[in-house]
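Student: Hey, I've got a new structure to look at and no idea where to begin. Can you walk me through it?

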Amino acid sequence: MSEANGIILLKKSSGLTSFKALNGLKRILKEHSGNKVKVGHTGTLDQFASGLLVVLSGKYTRLNQIFSGFDKKYSAVIKFGETTETLDPEGVVTQTGSIPDLTLITEKIETLKGKIEQVPPKYSAVHVNGKRAYKMALKGEEVNIPSREIHIYSFEVTSWQSPFLSVDIHCSKGTYIRSLARDLGQRCGTCAYLTELQRTEVGPFSLDDAVSETEFNPESNFLDSRAAIEAINKHNKSIGILDLKREKLQDITHGSLPDDSFFDKKPDSAGTYAVYSGKTLCAVIEYSNGDYRYLMVTL
């Protein structure tokens with residue numbers, strides 16, 4: 001693996017955009033490798049939020065599709081009796097209402113579990129007719145965002161100090177916790193917004209294993225990519241691993257289309273596979289009915 005190609009678990013601080021949170025990594029990687037390094041996250045966090053960003057650097061940014069579809073876990077604080085234009089603490093208060101009791105809140109939380117339809121906030125990066133919703137909202141344009149199906153696997157109360165409700169949430173990709181706060185308030189006959197948000201897990205990856213941008217050290221804080229792929233496979237079976245025969249490494253480098261003879265053991269079933277030569281990730285391929293095709297080459 002090139003010293004600039006890697007997987008990083010980044011601990012983002014509240015008050016930073018996800019984009020700015022990567023600036024420190026870019027600087028460190030440039031100093032370490034001597035070259036400007038491409039860096040990207042696999043799922044944004046709002047500026048007021050903190051927690052885990054899974055970051056890819058160098059040629060590993062090509063793996064974004066593999067890392068961007070995970071379920072996520074959050075800890076959050078919801079305030080009842082008020083809401084803001086942005087559904088978070090950065091917006092101005094636009095509505096006030098009553099404060100429900102915990103019995104009603106827990107009853108309505110049950111209606112927000114499982115597969116549900118959710119409308120993202122108008123101040124979000126979703127596209128509406130080819131435009132970002134938040135850009136339309138900032139210009140005062142009408143924003144009509146269609147609902148989307150999401151899955152709330154768990155939604156648990158951890159404490160209630162009226163009007164603040166602390167919760168832990170496990171949800172699918174595409175879920176907006178700000179929208180959950182809004183919808184819970186409405187179902188309780190009042191209003192609510194999100195005051196705090198921390199992402200604690202992304203798929204098989206945990207905030208406990210993350211480092212801040214100031215703590216990051218390229219010598220020690222890149223994840224072992226093979227271990228990461230194995231963790232993904234254990235988590236959702238979305239990608240397997242194939243071991244490349246040593247004499248076939250040059251064929252992969254030259255872009256020769258693989259066949260069964262390239263690997264120590266051919267795939268057991270159709271699917272997506274990461275191809276390794278020892279600890280080096282060489283490519284990601286798709287296999288079906290005896291045929292192979294490249295999704296990306298990372299050498």
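Tutor: Sure, we'll chat about charged pairs first and then about some backbone oddities. Keep in mind that this is a predicted model.

Student: OK, how many salt bridges are there in the whole structure?

Tutor: A search of the whole structure turns up eleven. The general idea is that side chains of opposite charge can pair when their charged atoms come close.

Student: Which residue does E82 pair with?

Tutor: E82 pairs with K79, and their closest N and O atoms are 3.2 Å apart.

Student: And is K79 buried or exposed?

Tutor: K79 is buried, because its relative accessible area is 18% and the cut-off for buried is under 20%. E82 has 21%, so it counts as partly exposed.

Student: Got it. What about R226, who's its partner?

Tutor: That would be E230, with 3.6 Å between the closest N and O atoms. Both sit in helix α7, which covers residues 225–236, and they are four residues apart, so about one helical turn separates them. R226 is partly exposed at 21% relative accessibility, and E230 is partly exposed at 42%.

Student: What does E286 meet in a salt bridge?

Tutor: The side chain of R293, at 2.9 Å from N to O. E286 is partly exposed at 29% relative accessibility, and R293 is partly exposed too, at 44%.

Student: Which residues are joined into one network by shared partners?

Tutor: E110, K113 and E156 are linked that way, through salt bridges that share partners.

Student: Switching topic: you mentioned backbone oddities. What should I expect in general?

Tutor: Most peptide bonds are trans, and most residues other than glycine have a negative phi.

Student: So where's the cis peptide bond?

Tutor: Between S162 and P163, where omega is about 10°. P163 lies in the loop that runs between β10 (148–161) and β11 (164–171).

Student: And what's up with the phi of K237?

Tutor: K237 has a positive phi of about 55°, although it isn't a glycine. You'll find K237 in the loop between α7 and β14 (240–243).

Student: Is K237 buried or exposed?

Tutor: Exposed, with a relative accessible area of 65%.

Student: What is the phi of N289 like?

Tutor: N289 isn't a glycine either, and its phi is positive, near 50°. N289 belongs to the loop between β16 (280–288) and β17 (291–297). At 75% relative accessibility, N289 counts as exposed.

How values were computed: Residues are numbered from 1 along each chain as its sequence is written. This is a predicted model: local features need pLDDT of at least 70, side-chain atom pairs count only at pLDDT 80 or more; totals for chains, interfaces and linings use all residues. Side-chain values use heavy atoms; hydrogens and water are left out. A salt bridge is a side-chain nitrogen of Lys or Arg within 4 Å of a carboxyl oxygen of Asp or Glu. Buried means under 20% relative accessible area, exposed over 50%, partly exposed in between (1.4 Å probe, protein chains only). Helices (H or I, at least four residues) and strands (E, at least two) are DSSP runs, numbered from the N terminus.
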